[in-house]
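Hi there,

Here is the structure I promised to pass along. Please have a look, and my notes follow just below.

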Amino acid sequence: MQVKALKLVRDFAEVVVFGRSEEKALLYKKEIEEELNVPVHVAKNGKEAAEQADLIVTTTPAEQYILKADWLLPGVHVNAIGSDAEHKQEIEPAAFFKADKVVCDLYSQSSTIGELHHVQDFLAEHTIELGAILTGEKEGRTSERERTICDLTGTGVQDTAIANYALAKMKRSE
């Protein structure tokens, strides 16, 4: 669903996927290629997938990080959406220290149940809430070389606004 939503707002030439289950990754490949008409490469491991990406989306229920800091190349953006409970973690904490910008939907929530839960002491003053970027209060990405991470734990108001935006954009493109 994440790639399908991204396709509504951003064009891309290829999808690279890594899954702990090769069988599920191959099923995903087939579905995305058929539905979005975009080639999908199944990576052998997370490092291979990350090092080919401009945009990384993590959507796992992992309890041990699966995305390492050293894999994040300049210019990459990470949307982390799988960590929505204290015991979940998708990103190595060191990745946040390499990031040029760290954004979250709601800091009080992300620092309790999101990825920021694992590094909250350092990031409290360095994290930007998504709403502050959307209202122009804070700057988002200012360079294509910036490494950015967005920890999204899900808030009802923002989810509704995003859904409305995607729906309106989809209707305009029909």
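Let me begin with the aromatic rings, bearing in mind that this is a predicted model. Counting Phe, Tyr and Trp rings as a pair if their centres lie within 6.5 Å, the search comes to zero aromatic pairs. One ring does have a charge over it, though: Lys 7 lies over the face of Phe 12, at 4.7 Å from the ring centre.

The rest of my notes are about Asp 151. This residue belongs to strand β7, which covers residues 148-151. Is Asp 151 buried or exposed? Asp 151 counts as buried because its relative accessible area is 0%, and the cut-off for buried is under 20%.

Along β7, the side chains alternate as follows: Thr 148 and Cys 150 point one way, while Ile 149 and Asp 151 point the other way. All four of these residues are buried.

Which strands pair with β7? Strand β4 (residues 77-80) pairs with β7 in the parallel sense, over four bridges. Strand β5 (residues 101-104) also runs parallel to β7, and four bridges join these two strands. In β4, the residue opposite Asp 151 is Ala 80, and in β5, Cys 104 stands opposite Asp 151.

Both of those residues turn up again in the contacts of Asp 151. If neighbours within four places in sequence are left aside, Asp 151 is in contact with Ala 80, Val 103, Cys 104, Asp 105, Ser 110, Gly 114, Glu 115 and Leu 116.

Happy to talk it over whenever suits you.

Best wishes

Key: Residues numbered from 1 in each chain as written. Predicted model: local features only at pLDDT ≥ 70, side-chain atom pairs only at ≥ 80, totals over all residues. Heavy atoms only, no water. Phe/Tyr/Trp six-rings, centres within 6.5 Å; stacked < 30°, edge-to-face > 60°. Lys NZ or Arg CZ within 6 Å of the ring centre and 35° of its normal. Buried < 20%, exposed > 50% of the residue type's maximum accessible area, 1.4 Å probe, protein only. Contact = heavy atoms within 4.5 Å. Pairing = 2+ DSSP bridges.
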